[in-house]
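Visitor: I am new here. Please walk me through this one and tell me how each label is earned.

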Amino acid sequence: CVLIGSVSMHAYAQSGYVIYDGDERHVVLSEATEPSEVVSEAGLELGRADLIEMTEEGNRREITVVRNQLIYINNGGQSMVTNSYGETVGELLERINLGLNEGDAIDVALETMTYDGMELNIDRWTTTTEFVCEEVPFETEYVQTNKMVKGDEKVVTEGQSGELKHTAKIVFFNGQEVSREIIATEETVAPVNQVIKQGTFEAEKGKLTIGDGVIVTADGEVYTYNRTMKVKATAYTHTDAGCNKTTATGTTVHWGTVAVDPKLIPYGTKMFIVSNDGKFVYGLSAAEDCGGSIKGNRIDLYMPTTSQCYKFGVRNCTIYFLG
């Protein structure tokens, strides 16, 4: 009697479970109350990401095993793996934020149900814009001038390259560039042309030649000037009364020292002096001295000897201001 009662009580402690695992159905009697233990007793193995759902209605207990599905997606040339527990392809893409854009294509219908190991291939068309800068080379202009000796050149304006900014429309298919088109161009920096002056003035060989803004001496020295002045010139030497070898500016007198009216010609001014008749060339000189009678358009040229001074006398000269 005790044995019968014991068996009866044992049978009463067991509960019945219906387990659904995909298309499979299992019926199990178990004393366990945890669904995972019941599933294990039924001999079903669960993956780490598998889920279990249990419902009860009275004495009827149903357990549903929801298997994790690995879905392999080629998303426009990029491979990825995601999880699903059974849903349509459209629902999956929406859930993982991989919606389709205009022009995209997928190789299965969006209503297709997912399954473990499913492969999805999505072709993606993408368009971007890119800014591309292009250097614009400067051009060189040559300007002829008779204020420079023929054969001489001088850069008066340095050339600077410009820049164009292009806006390019780039189309990609599955991450690979398939086309590129310039849709706009803007000049961001204008080029500055290089300007070179070329001399055209031809000097007479072995003779002082004065042109428009240029002087070439008999020995080939070249000077440029920017203005002229007509003056009356005399000559002095350091032995004259009231004179010595030190100028008003503290320099030592030498051929090329000129006494001027500093109100008219500032000290330090560089000059080239020639008599108006061309018979006397005093040459390269500087305003370094002054004198009581040197006022206005009047200059005094230093010469080393008294005889040179007497020989020069008084002459009308032209000052060419160098610069």
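Guide: Start with a loop. N97 sits between α3 (89-95) and β7 (105-106). Keep in mind that the model is predicted.

Visitor: Why is N97 called exposed?

Guide: The relative accessible area of N97 is 68%. Exposed means over 50%, so N97 is exposed.

Visitor: What is the phi of N97?

Guide: Phi of N97 is near 60 degrees, which is positive, and N97 is not a glycine. Most residues other than glycine have a negative phi.

Visitor: Where is N174 found, and what is its phi?

Guide: N174 lies in the loop between β12 (162-173) and β13 (176-189). Its phi is near 50 degrees, again a positive value in a residue other than glycine.

Visitor: Does N174 count as buried or exposed, and why?

Guide: Relative accessibility of N174 is 19%. The cut-off for buried is under 20%, so N174 counts as buried.

Visitor: Now the open sheet of four strands. What is the strand order?

Guide: The order runs β2-β1-β4-β3, and the pairing is mixed.

Visitor: What makes β2 and β3 edge strands?

Guide: β2 (24-30) and β3 (51-57) each have a single partner strand, so each has one side without a neighbour in the sheet. From one strand to the next, the twist averages 20 degrees.

Visitor: How do you know that β1 and β4 pair?

Guide: Two strands pair if there are at least two bridges between them. β1 (residues 15-21) and β4 (residues 60-66) have five bridges, so they pair, and the sense is parallel. Among the bridge partners, D21 has V65 in β4.

Methods: Residues are numbered from 1 along each chain as its sequence is written. This is a predicted model: local features need pLDDT of at least 70, side-chain atom pairs count only at pLDDT 80 or more; totals for chains, interfaces and linings use all residues. Side-chain values use heavy atoms; hydrogens and water are left out. Helices (H or I, at least four residues) and strands (E, at least two) are DSSP runs, numbered from the N terminus. Axes are lines fitted to C-alpha atoms, for helices over the stretch in contact, and angles run from 0 to 180 degrees between N-to-C directions. Buried means under 20% relative accessible area, exposed over 50%, partly exposed in between (1.4 Å probe, protein chains only).
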